[in-house]
Amino acid sequence: MKLDAILWDYDGTIVNSVPKNIDITKNILSIVAPHLTGDNLPHYLRSETAYHQANHAAKNWQELYIKYYGMTEQEMLTAGSLWAEHQLANTTPVRLFTGIDDAVRGLADVPHGICSQNSSKNIYNVLADSQVEHFFKAVVGYDDVPSHSQKPSPEGGLICLEQIFDTPANKTLMYIGDHEADVQFARNLHAALGQNANVISVAAAYSGANPDRWSVKPDYVIHSPQELTNLCHSL
């Protein structure tokens with residue numbers, strides 16, 4: 001099977017952004033919900049391990065904020081509107097997972113793209129710092145998609161593919177992510193592209209995800225970026 005493109009999630013899949021995400025969330029809480037700061041800081045923001053537990057258990061970021069951080073719905077909505085601004089201003093270092101650069105270089109014959117709920121500018125900056133930006137033909141972030149069309153809706157994927165191909169029809173694609181919503185995103189993208197397309201879902205379990213607990217199952221699971229090269233060559 002020949003892959004026409006490989007699409008990626010970003011946070012928890014390409015980079016370990018947990019330290020930065022925790023710091024950003026604390027800053028936003030100090031503005032939106034100061035009653036959830038200091039001694040009242042939510043348990044799931046007190047360590048990377050706890051953050052991973054909540055992040056991979058929540059269906060989406062809205063549920064993460066309300067169910068696991070204890071925000072009200074209005075606080076959650078306000079926090080979401082501040083995320084991109086604080087994300088770009090925050091200087092906490094973000095690094096690629098070990099082996100991601102080698103995996104991308106090893107699959108350089110296939111165009112890569114990113115569909116993420118991070119800021120596209122922020123993503124480009126990190127890719128450039130790691131000298132892998134030229135492998136990615138499209139990067140679609142939170143700020144490139146209407147708020148009501150974020151993942152797992154397929155719109156971000158369609159925008160990404162339109163930047164890579166003249167027409168995304170009849171293509172065999174792979175989408176790699178670390179969350180159950182990423183699997184649903186791949187399924188929704190497949191449905192939007194039609195029966196002549198094929199979207200293979202791959203779960204990245206190396207950042208703490210447990211796909212065995214997901215109700216929507218991926219087609220494949222990888223436990224290290226190195227496994228991705230072997231998987232792609234075996235299809």
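**Figure 1. Overall fold of the predicted model, with nine helices and eight strands in the protein.** The radius of gyration is 17 Å, close to the 18 Å that the globule rule gives for 235 residues, so the protein is as compact as a globular protein of that length. The C-alpha trace spans about 55 × 35 × 30 Å along its principal axes. Of the 235 residues, 54% count as buried. Among contacts between residues at least 6 apart in sequence, 71% join residues at least 24 apart.

**Figure 2. The open sheet and its strand order.** Six strands contribute to this sheet, arranged as β5-β4-β1-β6-β7-β8, and their pairing is parallel. The edges are formed by β5 (136–140) and β8 (220–222), each of which pairs on one side only. From one strand to the next, the twist averages 25 degrees. Strands of a sheet pair through backbone hydrogen bonds, in either a parallel or an antiparallel manner.

**Figure 3. Pairing of strands β6 and β7 within the sheet.** Strand β6 comprises residues 172–177 and strand β7 residues 198–204; the two run parallel and are joined by six bridges. Methionine 174 stands opposite isoleucine 200, a residue of β7.

**Figure 4. Helices α6 and α9 packed on the sheet.** Helix α6 (residues 120–129) touches β4 (112–115) and β5. The direction of α6 makes about 145 degrees with that of β5. Helix α9 (residues 225–234) touches β1 (5–8), β6, β7 and β8. For α9, the angle with the direction of β8 is about 145 degrees.

**Figure 5. The buried face of helix α3 and its packing partners.** Helix α3 covers residues 61–68, and its buried residues are Leu64, Tyr65 and Tyr68. Seen down the axis of α3, these buried residues fall within an arc of 115 degrees, so they line one face of the helix. They pack against three helices, namely α1 (18–32), α2 (48–57) and α4 (73–89).

**Figure 6. The two ends of helix α3.** At the N-terminal end, asparagine 60 acts as the cap of α3, with a side-chain oxygen 3.2 Å from the backbone nitrogen of glutamine 62. Just after α3, glycine 70 adopts a positive phi of about 85 degrees.

**Figure 7. Surroundings of threonine 25 in helix α1.** Threonine 25 has a relative accessibility of 3%, and because buried means under 20%, this residue counts as buried. Neighbours within four places in sequence left aside, threonine 25 is in contact with Leu45, Tyr65, Tyr69 and Trp83. One of these residues, Tyr65, belongs to the buried set of helix α3.

**Figure 8. Surroundings of isoleucine 22 in helix α1.** Isoleucine 22 counts as buried, at 8% relative accessibility. Not counting residues up to four places away in sequence, isoleucine 22 touches Leu45, Ser47, Glu48 and Tyr51. Leu45 also appears among the contacts of threonine 25. Isoleucine 22 and serine 47 lie 25 residues apart in sequence, with a C-alpha to C-alpha separation of 8.5 Å in space.

Note on methods: Residues are numbered from 1 along each chain as its sequence is written. This is a predicted model: local features need pLDDT of at least 70, side-chain atom pairs count only at pLDDT 80 or more; totals for chains, interfaces and linings use all residues. Side-chain values use heavy atoms; hydrogens and water are left out. Buried means under 20% relative accessible area, exposed over 50%, partly exposed in between (1.4 Å probe, protein chains only). Helices (H or I, at least four residues) and strands (E, at least two) are DSSP runs, numbered from the N terminus. The arc is that of the directions from the helix axis to the C-beta atoms. Contact means heavy atoms within 4.5 Å. A polar contact is a pair of N or O atoms within 3.5 Å; within protein, one must be able to donate a hydrogen and the other to accept it, and residues adjacent in sequence count only if both atoms are side-chain atoms. Two strands pair if DSSP finds at least two bridges between them. Axes are lines fitted to C-alpha atoms, for helices over the stretch in contact, and angles run from 0 to 180 degrees between N-to-C directions. The radius of gyration is taken over C-alpha atoms; the globule rule is 2.2 Å times the number of residues to the power 0.38.
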